[in-house]
Amino acid sequence: MTEPQKARSPERGSEAFAEHTHNVVDFATARDSGKAIASLKARFAIAGHQVYDGGNNDFIVTRWGMSRYCAGLDELRMFARVLGVDRG
């Protein structure tokens, strides 16, 4: 029988390392997206709405005992424009 080979992490400078790390999150984009979400939530709050994170990049907007589900940031922006919260 052969022994199982130990998994090796790719070495820096090798092609395997470049392939392995090409799916790294762009932190600048994530930070900017976080700022956009925070800004939009603040605009909703000023207008009297509460925005809750759903956990899957989705949102629930509530006011006066009613709620609206938004499947993503684009949908949240569209709803903000409908309400006049975001003039975008």
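Trainee: Which residues are exposed on the other side of α3?
Mentor: Let's settle the terms: helices (H or I, at least four residues) and strands (E, at least two) are DSSP runs, numbered from the N terminus. Exposed means over 50% relative accessible area, buried means under 20%, and partly exposed lies in between (1.4 Å probe, protein chains only). Leu-73, Leu-76, Phe-79 and Ala-80 are the buried residues in α3. Exposed on the other side are Asp-74, Met-78 and Val-82.

Trainee: What pLDDT do local features need in this predicted model?
Mentor: Residues are numbered from 1 along each chain as its sequence is written, and side-chain values use heavy atoms, with hydrogens and water left out. In this predicted model, totals for chains, interfaces and linings use all residues, side-chain atom pairs count only at pLDDT 80 or more, and local features need a pLDDT of at least 70.

Trainee: Why do the buried residues of α3 line one face of the helix?
Mentor: Good thing to ask! Look down the axis of α3 and take the directions from that axis to the C-beta atoms, which define the arc. The buried residues of α3 line one face because they fall within an arc of 120°.

Trainee: Which element gives the largest share of the largest nonpolar core?
Mentor: A nonpolar core is a set of buried Ala, Val, Leu, Ile, Met, Phe, Trp, Tyr and Cys residues joined through side-chain atoms within 4.5 Å. The largest one has 11 residues, among them Leu-40, Val-51, Val-61 and Cys-70. Two or more residues each come from α2 (27–46), β2 and α3. The largest share, 4 residues, comes from α3.

Trainee: How is the open sheet ordered, and why do two strands stand at its edges?
Mentor: Strands pair if DSSP finds at least two bridges between them. The 3 strands of this open sheet have antiparallel pairing in the order β1-β2-β3. Neighbouring strands are turned by 25° against each other on average, direction ignored. Each edge strand has a single partner, so one side is left without a neighbour in the sheet, and these strands are β1 (50–53) and β3 (66–70).

Trainee: How many bridges join β2 to β3?
Mentor: Start with the other pair: β1 and β2 are joined in the antiparallel sense over 4 bridges, with Val-51 partnered by Val-61. Between β2 and β3, Phe-59 has Cys-70 as its bridge partner, and Thr-62 has Ser-67. These two strands run antiparallel, and the number of bridges is 5.

Trainee: Is Thr-62 buried or exposed?
Mentor: Thr-62 lies in strand β2. Contact means heavy atoms within 4.5 Å; leaving aside neighbours within four places in sequence, Thr-62 has contacts with His-49, Gln-50, Tyr-52 and Ser-67. Its relative accessibility is 18%, so Thr-62 counts as buried.

Trainee: At about what angle does α3 run to β3?
Mentor: Axes are lines fitted to C-alpha atoms, for helices over the stretch in contact, and angles run from 0 to 180 degrees between N-to-C directions. Helix α3 (residues 73–83) lies across β1, β2 and β3, and its angle to β3 is about 135°.

Trainee: Which residue in the hairpin of β2 and β3 takes a positive phi?
Mentor: In the hairpin of β1 and β2, with 5 residues between the strands, Gly-55 has a positive phi of about 100°. The hairpin of β2 and β3 has 2 residues between its strands, and the residue with a positive phi, near 55°, is Trp-64.
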